[in-house]
Amino acid sequence: MPTQRRLANAIRALAMDAVEAANSGHPGMPMGMADAATALFTRHLKHDPSNPHWPDRDRFVLSAGHGSMLIYALLHLTGYARPTIDDLRNFRQLSSPCAGHPENFMLEGVETTTGPLGQGLATAVGMAIAERHLNSVYGDDLVDHRTWVIAGDGCLMEGIHHEAAGLAGHLKLGRLIVLWDDNRITIDGSTDLSRNEDVMARHAAMGWHTVECDGMDSAKVSKALDEACADPRPSLVRCKTIIGYGAPNKQGTSATHGAALGADEVAAARKELGWSDEPFVIPDDVAKGWRDAGARGAKARAEWHRRLDASDRKADFLTRVDGNYGDEWLKPYLDALIADPPKVATRKSSEMALEVINTAIPATIGGSADLTGSNNTKTKALQAFDAANYGGRYIYYGIREFGMAAAMNGMALHGGVVPYGGTFLVFSDYCRNAIRLSALQNARVIYVMTHDSIGLGEDGPTHQPIEHLQSLRLIPNLAVYRPADAVETAECWAAALASEGPSLLALSRQNLAPVRLEAADANLSVRGAYRLKAASGERKVILLATGSEVEIAAEVARRLEAKGVGTDLVSMPSTDRFDVQDAAYREDILPDVSNKQILRVSIEAGTTIGWERYTGLHGLRFGIDRYGASAPAPDLYAHFGLTADAITPKILEKLGQ
C-alpha cells in the first residue's frame, strides 16, 4: 500500500500537469492541500463513487473553487466515472467537464458550484441544516452524514463567511467540518497585507470548535478530524500548509497561486517529490491505493439500503428525496379564492397560500432575514428550526440576506427539502450573487421578496426598488414572478414549487384589488402572461401590466373602452415564463405590431428599460426611471404619473384622439 504522502503526490502531479497543459489555472492550493485532502478522502469521507447520488453520503464542498484540480484529481483517483484522464488533459477546455471552477451540473461528485469565495462554505451550512432536519424526521437509520468543506483564506475573509459561520455556530451544526487551508498567501501576496485578526478566536466566539494541525502531515490531519467529529459544535480545522508544495523555487509564494508553474519548475517539482512518471500517468500501486480508498463506502451504502428496505417509511423518504410533491392543494384553494376574493397585499396573499402549501408539502422550510412580520413567511403551524428543535421548519436567519440565500442553495442541493426565504426586494442586491448561483446550478430555491415598488411608501428611495425587477429578470434560469392578486400569487407559488430551478416572487406591501374573478381551467400565471380582459370591439390597444399595476391598467382599459377604443388587458406576472412559450401563444397574446395599428402599452412601477421588447419602439412605457421618494403610496403613484387619470390621456393622444 502506498504511503499517504505518495497518494497525495498523485494529486500534486495531476494538478501540475493539468494546469501546465491548459497554461491556466491554480496549482498552488491543490499542491498545498494534497495531504489533508488525502486524509479526508481515504479515512473519513463517506461516499461511494459507484453511486454518487446515494442520499446518505457525506457532502464534500471545495469552497476554494479556484483550486478545482484538487476535486477533479480526487474524483478521478477514487473511481468516479468522470473525469477521465482525457478530461483532465483537457482541463479548462471547452470539451472537458473540468471547468476552471467546479460546476455541479458538469460532474457527479461535485455537490455545488463554487468559485465566488465564501459561497461554498455558506452553501455547506445549508447542507448541514438539511441533514439535521431530515435526521430529526427520519432518524439515524436513514439520515446520518456529515458535510465537509475545504476553504481558503479568501473564503474566510469574505463577508458572507461571517454571516454563514455565525448562523452555523448559533444552530450548533456539529456535522459541519471545515478544513481551513492556512497557507497565508493570497493573490496579492502574504495575508499580512490585509488581515491581522485571530481567525480561530473569531470562530470560537461564534460557537465553533477549533483545532490546529500540520496540514502537510496526513496522520496529524486525520487526528484533528477525529477530534472534530467528536465535538457537538461545527468545527474549524486549521491546516497549516505550504502553497505549491513540491515546487522548490516557487512553493510558499503567490507565484503558485494562479498560474502554471512552467516546464522547468514542473520538472524540478517532479524530482523534489520523487515522482518519475510521465504527465497524466498514475503508477499502478498508487492507482490501486486510491481505488481501494474510494471503494470504502460501498459497504456503508449497502448497509444503508438494507435499512431503507426494512423501514416502514421507505416510500415517504423516497418521495422526499425525489422532490416531486404535486399541486393537489391548488385547485380547491383557488376555488375558495374565487368564491370570496380578498383585497389584500400580495405579501399577505403569499402567507395565505403558504398556510395551505406548508400543510400539504412537509418538505418546505421557510425563513426570513429578520423581516418575518413584513415578509409574511411564517405560517401558524411552523415551529422554529434551532439547536433545540431541528424538526422545526422556520429559520430565523437574522440580518444575513447573503448568508440566507447561499444556505438555501445548500438545502436545495442537498435534497429532501424545499427552502424559501424572505427579505425586501431592494435587498436582493445583498444576495444577488447567491441568487445567480441558484440559477447557474438549477437549485430549487424560492425567494420571497416583498415591498416590491414605490407602493411601500414612506420608507423612501433607499427601500423602494426601481431597477431591481428588470435586473433580476436578466439572470438566466431565474423565474421572476410579480403577481397581481391572491389568485395569481397562489398560481405563482405552484409554478415555483413545480420548477426544477429557482424562482423569485416580488410581492406588494399595499393592498390590491382582486383582478381574477372567474375560475380558469389551468394555471394561467405559469404561462407568464395571459389575456385578463379582451377588447369588446376592434382591438386598438394592448395594455401590459404586472403586480400592483394590473388594477391600474384595468381602470385604464375601462376608460378607453368607454371612449370606443378596443383594449386588451394582459396581466404579465412573469416575463421569463412568457418568453419560453410557443410562438403561437405569444402571437395570440401579443400580435404583430409592425403595422403600428395596435398600440402596446406597458405599466409597471419600476424602470421602463426592457419593456420595449414587448411594446415595440412605437409603444408607450409607463414606469419610473429615477429614484422614488418618501410619501404615502397613493401620493407617490400620483406624483409619478402611475394612475388612470395620468395614463389614459397619453394613450388617447398617441392614438390621435
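Colleague: What makes up the secondary structure of the chain?

Modeller: In this predicted model, the chain has 27 helices and 18 strands.

Colleague: Why is the chain called as compact as a globular protein of that length?

Modeller: The globule rule gives 26 Å for 657 residues. The radius of gyration of the chain is 28 Å, which is close to that value, so the chain counts as compact in this sense. Along the principal axes, its C-alpha atoms fill a box of roughly 90 × 55 × 45 Å.

Colleague: How many of the residues count as buried, and what makes a residue buried?

Modeller: A residue is buried when its relative accessible area is under 20%. By that cut-off, 61% of the 657 residues are buried. The chain still exposes about 24,500 Å², and carbon and sulfur atoms supply 50% of that area.

Colleague: What share of the contacts joins residues 24 or more positions apart?

Modeller: Such pairs account for 78% of the contacts with a separation of 6 or more.

Colleague: How far apart are the mean positions of the positive and negative charges?

Modeller: They are 1 Å apart, taken over 67 positive and 81 negative charges.

Colleague: How do you know that the span of helix α8 is close to the expected one?

Modeller: Helix α8 covers residues 159-171, which is 13 residues. At 1.5 Å a residue, 18 Å is expected, and the helix reaches 19 Å from its first C-alpha to its last.

Colleague: Which residues of α8 are buried, and what covers them?

Modeller: The buried ones are Ile160, His161, Ala164, Ala165, Gly166, Leu167, Ala168, Gly169 and Leu171. Their cover includes the helices α6, α7, α9 and α18 and the strands β3 and β9. In an α-helix there are 3.6 residues a turn, so residues three or four places apart point the same way.

Colleague: What makes Lys172 stand out?

Modeller: Lys172 has a positive phi of about 55 degrees although it is not a glycine. Most residues other than glycine have a negative phi. Lys172 comes just after α8, in the loop between α8 and β3.

Colleague: Why is Lys172 called partly exposed?

Modeller: Partly exposed lies between the cut-offs of 20% and 50%. The relative accessible area of Lys172 is 48%, so Lys172 is partly exposed.

Colleague: Where is Arg184, and what is its phi?

Modeller: Arg184 sits in the loop between β3 and β4, with a positive phi near 65 degrees. Its relative accessible area is 38%, so Arg184 is partly exposed.

Colleague: How do you know that the bond between Arg82 and Pro83 is cis?

Modeller: Omega is about 15 degrees for this cis peptide bond, whereas most peptide bonds are trans. Pro83 lies in the loop between α4 and α5.

Notes. Residues are numbered from 1 along each chain as its sequence is written. This is a predicted model: local features need pLDDT of at least 70, side-chain atom pairs count only at pLDDT 80 or more; totals for chains, interfaces and linings use all residues. Side-chain values use heavy atoms; hydrogens and water are left out. Helices (H or I, at least four residues) and strands (E, at least two) are DSSP runs, numbered from the N terminus. The radius of gyration is taken over C-alpha atoms; the globule rule is 2.2 Å times the number of residues to the power 0.38. Buried means under 20% relative accessible area, exposed over 50%, partly exposed in between (1.4 Å probe, protein chains only). Contact means heavy atoms within 4.5 Å. Accessible areas come from the Shrake-Rupley method with a 1.4 Å probe; for residues, only the protein chains shown count as cover. Lys and Arg count as positive and Asp and Glu as negative; His and the chain ends are not counted. The place of a charge is taken as NZ of Lys, CZ of Arg, CG of Asp or CD of Glu. The expected span of a helix is 1.5 Å times one less than its number of residues.
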